[in-house]
Amino acid sequence: MRANSVIIEAENIKKIYLRGTEKIAAINDLSVTVNRGDFIAFVGPSGSGKTTLLNLLGCLDNPSAGKLAVNGRTVHESGRGLSESQLTRIRREIFGYIFQKFYLIPTLTVLENVLVPFTFFKKEGAEKDVPRLLKKLGLENRMNHLPGELSGGEMQRVAIARALVNHPGVLLADEPTGNLDSERSLEIGQLLRQLNEEDGLTILLVTHNTELASMARVTIRLRDGRIAKQGTP
Amino acid sequence: MKIKNSQKISLFHIAWKNLARKKTRSLLTVVGIALATWVLISLFGFNSGYKNSLDRDIDNLGFQMLVVAKGCPYEAATLMLKGGTGLKYMNEAVVKLIVREPEVESVTPMLMQVVFDPNKGQSGGLTAFLGVDPATFPKLKPGLNFKQGGWFTDPAALEVVMGFEAAELEQREVGDLYLVPEKEIELKVVGVLERSGTQDDGTIFLPLKTLQKIFGQEGQLTSVGIKVNKEASLADFEEKMFKLPDVQVVSLTQVKTTIMTLVSTARILVFSIALIAILISIMGVINTVLMSVMERQKEIGILKAMGALAGDVFKLVWLETSLLCLLGGLLGAVLAVGTSRLTEYLIRKLLPFAPSGGLISIDAGLILTAIGAVVLVGLLSGVYPAFRAARMRPLEAIRSEEE
Ligand SMILES: Nc1ncnc2c1ncn2[C@@H]1O[C@H](COP(=O)(O)OP(=O)(O)OP(=O)(O)O)[C@@H](O)[C@H]1O
Ligand SMILES: [Mg+2]
């Protein structure tokens, strides 16, 4: 995996929502380039478009206008995009997602939850790597527990393991510590930093938590669907 | 640390564990399906058991129709009153004409003769002889049981079978000789019948050929007994028989027609109830699965974000539905078999007319068919919820974050 090669390129993308008859530009002519190995935190006030942007970059949603390319492949250009199943194939090749909530299946053990993606899709060598992954996330002694027996931080680590089980190039995290106290948040932050530094994982993080944002290499501040400020923390 | 094979995970395993999440709800659905299956198996088991028993009872009634020469009395009593006179004959050829009709299941030719026996009683009396075909008559009269002995050894044997009262009157047993009055022919008694409560009790049976020969009536018959197919319409058939020259049709039992109508009405009822039971269980299944799909909307979104294609989600939800139905079907089958005695008892109390045999017959074929039907129904009712789930977009998962 070459560092500093472009993995996501967005040019003048727009996302327009209709609220009644009113058009809201949640993302407005925004351009951003993500390189392999980047760790970017998107910050900004509520409603500034962070989640919308992350969804667009992660191919969970289609932009209304502009050009988006992922891994050299054009996903969207001037109003025309790929089909849902084509998007799914890109998503499972390139992206891992974690959210504020963990969405673990409560009746499956930690290990089973982590292995769920394999029932749909399995990258070469991914299965062999699971023990290492669990160890790295500090879950090796929790494998056979049910989610209900874990702390919030541990649950989020299970969700991270599940997101990473197919070796995605990019991890997208929307408020991953929104349900955690500050100590656990920091733990997750350090873990993300470690994954970025040691494994070269590209991470796009959305957070309100400044301490967590400071773990990223780059911070991008959004306001009204545009980039207001970009810098290193 | 290594991942063991047993720790690998399949879609089936996920489906199973998903059902375990809402145990009460899954259980209730399973019970609902089980009840429908139970009704289904019991009803169809009852239907076929009832039909079998009824068929057997009807078969025991013997032939339902007689064709006699026009003007010929067919009741022994009438004959007796007329002093044994007035018999009319038809030629044996008529049998061929009757057998041609598709409604006919089997026929048996008969010749009746009535003789004055001066030694009978104090001042003599009439004795009725019936010449029957040993090849067909016993089959058409399965209700006739032997007290002693059996039917003739040969179609032209010099043998008699005596009705219960006839044997008592003549004081004959198997092995005794019987002398035909005024004919000086000795016949051997080979069988004595049990009491049947019909005119057969006073009748003396001979092989048709023997009787024809003794009375010089070769090739002649007085009546032909006809058994009609179970499905055939008796009325239509009678109509046809009327067209034969010089014969007259006598329907021995209207009972059967009545019962057959009853049975087909019952069958329609059974099918309707089964249909309703199935419809109700379909609704239950769709409701449960749809509800669980809606509750898991976000989770399904996550599955899709993790790389599940629409088809994968569809399979998962479909699998859950089928599992519910399979479990319900199995439980229902166990219930149906376990309670069949009780069901039979209840039905017997409810029915105005219950045949003598077993009323409920549940066999492996029926059970497999019912479970198969229930699973099929499950597969069908799983389509819509599975489709709804498969169509969900991963974004829904993230959007509904705020709630
Ligand atoms: N599905 C939608 N339909 C209509 N408007 C939407 C929709 N999703 C987002 N918006 C609007 O787009 C704008 C950006 O929303 P977005 O969720 O991206 O903000 P955010 O920066 O993630 O906010 P927060 O920090 O509260 O999560 C907001 O004005 C929001 O109301
Ligand atoms: Mg947001």
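The points below concern a predicted model and take up chain B, its interface with chain A, and three individual residues.

1. Chain B as a whole. The 403 residues of chain B include 49% that count as buried, and the secondary structure of this chain comes to 14 helices and 12 strands. Among the contacts in chain B with a separation of 6 or more, 78% are accounted for by residues 24 or more positions apart. The area that chain B exposes is about 19700 Å², with carbon and sulfur atoms supplying 61% of it.

2. Extent of the interface. The size of an interface is often given as the accessible area lost when the parts come together. Between chain A and chain B the buried area is about 3400 Å², and carbon and sulfur atoms give 66% of that area. On the side of chain A, Tyr103(A), Thr107(A) and Phe120(A) supply 20% of the area buried against chain B, more than any other three residues. In terms of contacts, 36 residues of chain A meet 33 residues of chain B.

3. Polar and charged pairing across the interface. The rule finds 0 salt bridges between chain A and chain B, while 3 residue pairs are in polar contact, counting pairs with both residues at pLDDT 80 or more.

4. Make-up of the chain A side. Helix 1 (50–57), helix 2 (84–94), helix 3 (110–115) and helix 4 (130–136) of chain A are the elements that give two or more residues to the side touching chain B, and helix 2 of chain A provides the largest share, 6 residues. By residue class, this side of chain A divides into 17 nonpolar, 8 polar and 11 charged residues.

5. A buried arginine in chain B. Arg296(B) lies in the loop between helix 9 (255–295) and helix 10 (297–305) of chain B. Because its relative accessibility is 8%, and buried means under 20%, Arg296(B) counts as buried. Leaving aside residues up to four places away in sequence, Arg296(B) touches Asn18(B), Arg21(B) and Glu320(B).

6. Two positive phi values in chain A. Most residues other than glycine have a negative phi, and a reviewer may wish to look at the exceptions here. Asp29(A), in strand 2 (residues 22–35) of chain A, has a phi near 50°, and this residue is partly exposed, with a relative accessible area of 40%. Glu175(A) also has a positive phi, near 50°; Glu175(A) is found in the loop between strand 8 (170–174) and helix 6 (182–199) of chain A, and at 16% relative accessibility it counts as buried.

Methods. Residues are numbered from 1 along each chain as its sequence is written. Chains are lettered from A and ligands numbered from 1 in the order in which they are written. This is a predicted model: local features need pLDDT of at least 70, side-chain atom pairs count only at pLDDT 80 or more; totals for chains, interfaces and linings use all residues. Side-chain values use heavy atoms; hydrogens and water are left out. Helices (H or I, at least four residues) and strands (E, at least two) are DSSP runs, numbered from the N terminus. Buried means under 20% relative accessible area, exposed over 50%, partly exposed in between (1.4 Å probe, protein chains only). Contact means heavy atoms within 4.5 Å. Accessible areas come from the Shrake-Rupley method with a 1.4 Å probe; for residues, only the protein chains shown count as cover. Buried area is the accessible area (1.4 Å probe) that two parts lose on being put together, summed over both. A salt bridge is a side-chain nitrogen of Lys or Arg within 4 Å of a carboxyl oxygen of Asp or Glu. A polar contact is a pair of N or O atoms within 3.5 Å; within protein, one must be able to donate a hydrogen and the other to accept it, and residues adjacent in sequence count only if both atoms are side-chain atoms. Ala, Val, Leu, Ile, Met, Phe, Trp, Tyr, Cys and Pro count as nonpolar, Asp, Glu, Lys and Arg as charged, and the others, Gly among them, as polar.
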